[in-house]
Amino acid sequence: MNGSENGGDQLQLYTELAPWFHLLTAPVDYELDARHALDVLTEAIGEPPRTILELGSGGGNSASHMKARATLTLTDLSEQMLELSRTINPGVEHVRGDMRTLRLDGRTFDAVFVHDAISYQLTEPDLRATFETAFVHLRSGGAAIFEPDITREAYADATHQGGHDGADGRGLRYLQWRTDPDPSDTWYVDEFAILLHEADGTSRIAHDVHRLGMFPRATWLGLLADVGFVDVRAIASPYADEEGVGAESFVGRRLG
């Protein structure tokens, strides 16, 4: 989980708990995903992208592996997450903005990258608006990749646990519980119970409930084509976990 869009900036993980975020999901764990996204974009464009706009960059985990290969512009709705990203991506441009409405004064990029922050789009209009943002920021011949947590076809209830210890003596462990209260709508719930150990030995518990979008593969492909992307396709992702998270990415190019 790397982003904080569509109200996600109001969640504890992306506001008061933002300084703990790298103990929940560590930047080192994003190397394979970043390499996969760059390889897909390179294939779609026909050459490695030199400039990349990331929508919903969160704590900068993916960017920490991409910045050596391209000039990045990182955007997120949460200022706290942008501040965290700056600690591991100094010198990289950071811009606060909503991926559905962001417009960077006519600037275009070789590529647009949207990791799992896309999952905070709960309706088809929100999803389409994000695709439009990506499209208008691409140069002719550029490509975009979108990496949702899960599609409708891959969904199953699940639980997951994890966390990390920090060099500063802090530690975090979490239990994540994924459920779909109403299979007829377009979202599910990720609920987090988070145990935080301070360096002084004290501890506390946080509880966060995240609503995340879940759309059929056909919706992704259809909306991307409607916005104007060409060569739209779904790609199996090598970094998917045993619970189906990250199983598919979606890519398209802009012509003209």
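This is a short tour of one protein chain, stop by stop, for you to follow in your viewer. Keep in mind that the model is predicted.

**Stop 1: the whole chain**

Start by showing everything as a cartoon. You're looking at six helices and 11 strands. Taken along the principal axes, the C-alpha atoms fill a box of roughly 60 × 45 × 30 Å. What radius of gyration would a compact globule with 256 residues have? The answer is near 18 Å, and this chain has 17 Å, which agrees.

**Stop 2: the seven-stranded sheet**

Next, colour the strands of the open sheet that runs E3-E2-E1-E4-E5-E11-E10. That's seven strands, and their pairing is mixed. Which strands stand at the edges? Select 93–96 for E3 and 230–236 for E10: each has a single partner strand, so one side of each is left without a neighbour in the sheet. As you look along the sheet, notice the turn between neighbouring strands, which is 15° on average if you ignore direction.

Now zoom in on E4 (residues 109–114) and E5 (residues 138–146). These two run parallel and are joined by five bridges. To see one pairing, click Ala111 and look for its bridge partner in E5, Ala143.

**Stop 3: helices lying on that sheet**

Select residues 79–88, which make up helix H4. H4 lies across E2 (71–76) and E3, and runs at about 175° to E3. Then bring up helix H6, residues 217–227. H6 lies across three strands, E5, E10 and E11 (248–253), and its angle to E10 is about 155°.

**Stop 4: where two helices meet**

Keep H6 on screen and add helix H5, residues 124–136. Their axes come within 9 Å and cross at roughly 50°, so the two helices are oblique to each other. The crossing is right-handed. Show side chains to see who makes the contact: from H5 you want Glu124, Leu127, Arg128, Phe131, Glu132 and Phe135, and from H6 Thr219, Trp220, Leu223, Leu224, Asp226 and Val227. How many of these contact residues are nonpolar, polar and charged? There are seven nonpolar, one polar and four charged.

**Stop 5: the four-stranded sheet**

For the last stop, pick out the open sheet with the order E6-E7-E8-E9. It has four strands, and the pairing is antiparallel. The edge strands are E6 (158–162) and E9 (203–213); each has a single partner strand, so one side of each has no neighbour in the sheet. Neighbouring strands here are turned by 15° against each other on average, direction ignored.

Finish on E7 (residues 171–179) and E8 (residues 187–197), which run antiparallel and are joined by nine bridges. Click Arg178, then find its bridge partner in E8, which is Asp190.

Methods. Residues numbered from 1 in each chain as written. Predicted model: local features only at pLDDT ≥ 70, side-chain atom pairs only at ≥ 80, totals over all residues. Heavy atoms only, no water. Axes fitted to C-alpha atoms, helices over the stretch in contact; angles between N-to-C directions. Parallel < 35°, antiparallel > 145°, perpendicular 65-115°, else oblique. Left-handed = near helix turned anticlockwise from the far one by under 90°. Contact = heavy atoms within 4.5 Å. Nonpolar A, V, L, I, M, F, W, Y, C, P; charged D, E, K, R; others polar. Pairing = 2+ DSSP bridges. Rg over C-alpha atoms; globule rule 2.2 N^0.38 Å.
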